[in-house]
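Welcome, and thanks for taking a look at this one with us. Please have the sequence and the coordinates open as you read.

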Amino acid sequence: MLDKSLAYRLSIYISLAVVAVFIAFIVIYFLFNMKIIEENIDNKAVSAGAEVAAEIKKYVVTTKEVTQNVADQIVFYDQKDYVQPFFDHLLRKYQFINAIHINIDSTLELKSHNYFSYRENDSTYFFEGNKPFENCVSKHPNYKALAEGKKQNWSEPIFCERNKHVVVAFYSPIYYVRNDKTIQIGEVVCELSLLQLNESINKIKIGEKGYSVLMSKDGTYISHPNKEWILTRNLRDIPPEVFKKRQLRVDDFLTSSNTGSIVAYPETLNYEKSFVYHSRIEENEWILLLVIPHKELFEPLYVPILKMLFFSVLGILIIYILVTYISNKQIQPLSSVTSQLTRFTNISSESYAGEESMNEIKQVADSLNLMKLWYEQYQLKASKEEKFNKLQHTDLLQAAEIQKSLIKVDFPAFPNIAEIDLFASYNPARIVSGDLFDYFFKDKDHLVLSMGDVSGSGVPAALFMSVSQTVIKTIASDLAIKRCSSIVARVNNELHSNNMHQFFLTLFLGILDIKTGKLTYCNAAHNSTYIVKANGNIEVLVESHGLPLGLYRDKGYREGRYQLEKGDSIVLYTDGVTERSDSNRLFYGHERLKENLKSLVGLEPKEMVKRIETSVRLFAGDAEQNDDISILVLKYYG
C-alpha cells in the first residue's frame with residue numbers, strides 16, 4: 001500500500017480510524033450498559049430485601065411492643081383480676097406469639113406472682129400461681145443467658161418440645177414505683193414462633209426459583225425453605241463448593257453490619273450460580289439473605305446483547321464501505337490541497353520546475369514554513385497584548401486591596417461595650433465593589449451606621465464608593481452636625497461637586513443612642529430596613545426620605561425615628577441580597593428575606609448574618625453572582 005497515492009492511503013487511514021472509534025464506542029456502551037444492569041439488579045435485590053425485612057420487622061416489632069405493654073400493665077390487670085382475658089386476647093390477636101411468661105417478686109401484694117399462657121393448635125391455655133412454671137423455654141440456656149442480663153433483649157433461637165416450634169424469646173423487666181423509687185420487680189417473656197415467621201417469609205416471591213434465608217447473629221438458620229435445616233445448620237457448616245474459589249470469612253461476615261451482594265452456588269439450587277444479597281435486621285441483629293439464580297437475572301438480557309453485537313458488526317461494515325467510497329470519490333487530491341496552500345501563502349507554482357514542481361510534499365512544507373513565520377509574528381503581538389492585560393489586572397487587584405482596607409472586618413466590633421453587638425459581611429461580585437458600609441461612634445453614646453450602594457460597576461464606581469465612604473465619615477464625625485438629614489444633605493452636595501461621571505449613591509444612615517435605644521435615620525432611596533423584634537415580630541422601615549445622593553445639589557432630606565427595645569436587631573443590606581437570582585432568573589426577594597428573618601429571632605448578629613448568607617447561597621445554587629452583597633446586623637441589649 002506504500003506505493004499508492006497519498007489520497008488513497010489517507011482514505012484507508014480514515015476508514016480504519018472511524019471503525020476503531022466505532023468499535024471503542026460499542027465496547028464502552030456495552031460495559032456501561034452492563035454496569036447499569038448490575039446496578040438495577042442490586043436495586044431490585046434491595047427492594048425485595050426491604051419487602052422481606054418489613055415482614056420480619058412486623059413480627060419482631062409487634063412482639064417487642066406486646067412484651068413492653070404487658071410489663072407496663074400486668075400489675076394493673078392482676079389487681080383487676082383480668083390477667084387471663086388479657087392474655088387470651090393477645091394470643092388470639094397475634095397468632096405468631098407462641099407463649100407469654102411472667103414472674104413477679106413475691107414481696108409485692110398480688111393475687112398471683114407467676115403466670116404462664118401458651119398456644120396449642122387452635123386453643124390457648126392459662127396458668128397462674130405463686131411459683132415459677134417450668135417449660136421448654138425457661139429451662140433452656142439461651143433463656144437463662146437472657147434473664148441474667150436483666151434488660152430488654154432477644155434470645156438466640158430455642159426449640160420448644162411443647163408444640164415442636166422453634167421460637168425466639170423477648171425479655172423485658174417489670175418496674176414498679178415504691179416509696180418514690182423505681183425498682184425491678186419481675187420479668188415478662190414473649191415467645192415469637194419462627195414457624196409462623198418462616199411461613200410468612202416463604203410466601204414472598206423472590207423470582208422464579210429464588211428464596212430468602214434468615215439467620216441469627218451467630219449464623220444459625222432460623223428461617224429456610226428447607227425446614228429440616230432450621231436450627232440444625234449454621235453458616236459455618238456451608239460446604240466449600242458453595243463459594244468455590246472465593247472462600248467466605250464467616251466471622252468477619254457475622255460481625256459486619258454492612259449490606260451488599262456476593263456470588264455463591266447454594267446447595268438448595270444444586271450448586272447453580274446465584275446472586276446473594278445480604279442485609280441486617282437492626283432490631284435483633286438477624287441476617288437476611290436473598291438468593292436469586294444468576295440465570296434468572298441475566299438470561300433475559302442475552303438476546304438483546306446478541307442483537308446489539310449483530311447490528312454493531314453490520315454497522316461497522318456499512319461505515320467502512322461508505323467511508324472508503326466517500327474518500328475515493330469525494331476527497332480532493334492532495335494536489336488540490338497543495339494549490340490551496342500555495343494560493344494562501346502567495347507561493348506561485350511557477351517557481352518549481354521539472355520533477356521538483358510535482359513534489360507536493362515540498363510545496364506543502366514551504367507553505368507551512370511561511371505560515372509558521374506568520375504565526376510567530378502573531379504570537380509576538382499576542383504576547384505584548386497579554387503583558388498589557390496582566391498589568392491592567394495587577395492594577396485592578398491593587399485597587400481591590402485598597403478598597404478592602406476601607407471595609408471593617410475585625411469582629412467583635414465593640415468588645416467592651418455591653419449595650420450592643422455588631423457583625424457585617426462583604427461579598428463583592430467581581431474584583432472591586434460598589435457597596436459600602438461603616439460604623440463608628442460620633443461621641444461616647446452615639447453610634448453612626450451607614451449602608452450604601454453605588455450605581456454602575458467597575459473601577460470608576462469603586463473609586464466613587466471609596467470617596468463616598470470617606471465623605472460620609474468626615475461629615476458624620478462633625479459634632480456640630482447632629483441630625484441625620486443634615487449629614488445626608490451635606491454628603492449629597494459634596495458628592496455632586498465631584499461627580500463627573502454622574503454616578504449616584506443610595507444610602508441608609510442612622511444614629512443610635514446606645515443608652516436609650518433611640519434610632520434616628522435617613523434613607524436616601526436605599527432598601528427597606530428590617531427590625532427583628534425580641535418577641536419574634538418583624539417591622540419594616542419602608543419610608544424613603546429623599547433622592548439618591550450625587551445627582552442634584554441642594555436637595556432636602558427628611559429623617560425618621562424608631563425606638564429600639566432590649567433584644568431588637570437592625571438588619572441593613574444592599575440590593576444584592578434581594579435581587580440575587582437563581583438559574584431560572586427568579587429573585588430571592590423581600591418576602592423570602594422577611595420569612596428567613598423570622599427564623600433568626602434570638603440569635604447573635606454573627607449567626608444571623610451567616611444564616612442569611614447561607615439562605616441566599618442555597619437559593620441561588622450555581623447561578624453567577626451579578627451584584628455585590630453586603631449585610632450588617634446590630635443587636636441592641638439595652
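What follows is a short tour of the chain as a whole and then of its salt bridges.

**The chain overall**

Keep in mind that this is a predicted model. The chain is built with 13 helices and 22 strands. Of its 638 residues, 45% are buried. The accessible surface amounts to about 35,400 Å², and carbon and sulfur atoms account for 54% of that area. If you take the contacts between residues at least 6 apart in sequence, 63% of them join residues at least 24 apart.

**Salt bridges**

Side chains of opposite charge can pair when their charged atoms come close. How many salt bridges does a search of the whole structure find? The search turns up 11. Here are three of them, with the distance between the closest N and O atoms.

| Pair | Closest N and O atoms |
|---|---|
| D568 and K533 | 2.7 Å |
| K598 and E595 | 3.1 Å |
| E607 and R611 | 2.9 Å |

**A pair between two loops**

Let us begin with D568 and K533, whose closest N and O atoms are 2.7 Å apart. D568 sits in the loop between β20 (560–563) and β21 (569–573), while K533 sits in the loop between β18 (529–532) and β19 (538–541), so this salt bridge ties together parts that are 35 residues apart in sequence. Are these two residues buried or exposed? D568 has a relative accessibility of 1% and therefore counts as buried. K533, at 7%, counts as buried too; the cut-off for buried is under 20% relative accessible area.

**Pairs within helices**

The other two pairs in the table each belong to one helix. K598 and E595 are three residues apart in helix α12 (residues 589–598), which means that about one helical turn separates them. K598 is partly exposed at 42% relative accessibility, and E595 is partly exposed at 45%.

E607 and R611 lie in helix α13 (residues 605–620), where they are four residues apart, about one turn of the helix. Both ends of this salt bridge are partly exposed: E607 has a relative accessible area of 35%, and R611 has one of 39%.

**A network**

One more group is worth locating in your viewer. Which residues are linked in a network of salt bridges? They are R483, E559 and R561.

Definitions and conventions. Residues numbered from 1 in each chain as written. Predicted model: local features only at pLDDT ≥ 70, side-chain atom pairs only at ≥ 80, totals over all residues. Heavy atoms only, no water. Salt bridge = Lys/Arg side-chain N within 4 Å of Asp/Glu carboxyl O. Buried < 20%, exposed > 50% of the residue type's maximum accessible area, 1.4 Å probe, protein only. Contact = heavy atoms within 4.5 Å. Areas by Shrake-Rupley, 256 points an atom, 1.4 Å probe, with all protein chains shown as cover.
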